[in-house]
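Student: Could you go through this structure with me and show, step by step, how each label is earned?

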Amino acid sequence: MNTEHEAGGQRRGDQLLGALEALLIVGDRPLPTTELATALGVPRDAVEEGLERLRRELDGSSSGRRHGIELRLTAAGWQYAARPEFDGVLQAFANSQEPVKLSQPALETLAIVAYRQPIARAQIAAIRAVNVDSVVHTLQDRGLIEEAFRDPDTGAAMFQTTPLLLEQLGLSTLEELPPLSPLLPGADDLEEIDHE
């Protein structure tokens with residue numbers, strides 16, 4: 001009788017793992033543990049155990065074979081990712097595809113937002129010494145920056161980077177960005193610039 005109970009628990013555990021795998025594959029972004037638990041209607045602890053079991057299986061702890069993908073926890077949640085040892089294969093594949101690149105102005109604007117967030121459009125424009133309206137819209141459309149809040153004094157939109165940027169860069173937090181030499185004005189200098 002105890003064996004039947006264990007078998008039933010194993011089936012439920014396997015079903016949970018299958019459901020987690022399915023959600024992680026179809027998710028178009030990293031999925032937080034709480035969101036996975038809510039979607040499956042199971043306790044957060046069960047989801048955490050399932051995710052750790054999936055991670056171990058992909059690492060080869062049960063079969064001895066490491067898979068080409070791993071289960072990674074980022075700042076935004078859980079996601080599948082290719083293992084770093086296959087970067088060469090992926091780079092060769094990516095080089096054979098038509099790349100979608102950001103323009104130099106977009107990259108410069110993105111760097112300013114990443115290092116000085118939250119930051120107003122007028123502050124970005126003052127640093128770059130050009131109008132940045134279209135570039136900011138492009139970065140918002142691509143999901144790399146977003147409006148964090150409105151400045152209570154001026155009503156200016158204050159921008160920040162999104163979890164998608166961290167995901168694209170393979171970072172967990174903004175603190176992992178490389179240190180920046182003093183090329184950009186400090187926060188005190190930016191305070192003098194009108195927000196909008």
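Tutor: Let us begin with Glu-70, which has a relative accessible area of 15% and is buried. Please keep in mind that this is a predicted model, and that the values we discuss are computed from it.

Student: Why is Glu-70 called buried?

Tutor: Buried means under 20% relative accessible area, and Glu-70 has 15%, so Glu-70 is buried. Its partner Arg-72 has a relative accessible area of 28% and is therefore partly exposed, since that label covers what lies between the 20% limit and the 50% above which a residue is exposed.

Student: What makes the contact between Arg-72 and Glu-70 a salt bridge?

Tutor: The rule asks for a side-chain nitrogen of Lys or Arg within 4 Å of a carboxyl oxygen of Asp or Glu. For Arg-72 and Glu-70 the N to O distance is 2.6 Å, so the pair meets the rule. As a general point, side chains of opposite charge can pair when their charged atoms come close.

Student: How many salt bridges does this rule give?

Tutor: The count comes to 12 salt bridges. One of them joins the side chains of Asp-59 and Arg-83, at 2.7 Å from N to O. Asp-59 lies in helix 3 (residues 44–59) and Arg-83 in the loop between strand 2 and helix 4, so this pair ties together parts that are 24 residues apart in sequence.

Student: Are Asp-59 and Arg-83 buried or partly exposed?

Tutor: Asp-59 has 33% relative accessibility and counts as partly exposed, whereas Arg-83 has 2% and, because buried means under 20%, counts as buried.

Student: What makes the salt bridge of Glu-108 and Arg-128 a link between distant parts of the chain?

Tutor: Glu-108 is in helix 5 and Arg-128 is in helix 6 (residues 121–128), 20 residues apart, and their side chains meet at 3.2 Å, N to O. Glu-108 is partly exposed, with a relative accessible area of 35%, while Arg-128, at 17%, counts as buried.

Student: Which residues are joined into one network by salt bridges that share partners?

Tutor: That network is made of Asp-59, Glu-70, Arg-72 and Arg-83, so the two salt bridges we met earlier, Arg-72 with Glu-70 and Asp-59 with Arg-83, have their residues in one network because of shared partners.

Student: How do you know that the buried residues of helix 2 line one face?

Tutor: The buried residues of helix 2 (residues 33–40) are Thr-33, Leu-36 and Ala-37. Seen down the helix axis, these buried residues fall within an arc of 100°, so they line one face of helix 2. On the other side of helix 2, Thr-38 and Ala-39 are exposed. Helix 2 is followed by Gly-41, whose phi is positive, near 65°.

Student: Which residues touch the most other members of the largest nonpolar core?

Tutor: Of its 15 residues, these are Leu-110, Ile-124, Val-136, Leu-139 and Ile-145. The elements that give two or more residues to this core are helix 5 (104–116), helix 7 (133–141) and strand 5 (157–161), and helix 5 gives the most, with 4 residues. A second, separate core has 14 residues, including Leu-20, Leu-36, Leu-58 and Tyr-80. In general, nonpolar side chains tend to be buried together in soluble globular proteins.

Student: Why is Thr-162 called buried, and where is its place?

Tutor: The place of Thr-162 is in the loop between strand 5 and helix 8 (163–169). At 8% relative accessibility, Thr-162 is under the 20% limit and so counts as buried. Leaving aside neighbours within four places in sequence, Thr-162 is in contact with Gly-143, Leu-144, Ile-145 and Glu-146.

Student: What makes Phe-86 eligible for a nonpolar surface patch?

Tutor: A patch takes residues with over 30% relative accessible area and no salt bridge. Phe-86 is partly exposed at 35%, so its area is over that limit. Phe-86 is found in the loop between strand 2 (78–82) and helix 4 (87–95), and together with Val-89 and Leu-90 makes a patch of about 260 Å².

Technical notes
Residues numbered from 1 in each chain as written. Predicted model: local features only at pLDDT ≥ 70, side-chain atom pairs only at ≥ 80, totals over all residues. Heavy atoms only, no water. Buried < 20%, exposed > 50% of the residue type's maximum accessible area, 1.4 Å probe, protein only. Arc of directions from axis to C-beta. Core = buried A, V, L, I, M, F, W, Y, C linked by side-chain atoms within 4.5 Å. Patch = residues over 30% accessible without salt bridge, like charges linked within 9 Å, V, L, I, M, F, W, Y side chains within 5 Å. Areas by Shrake-Rupley, 256 points an atom, 1.4 Å probe, with all protein chains shown as cover. Contact = heavy atoms within 4.5 Å.
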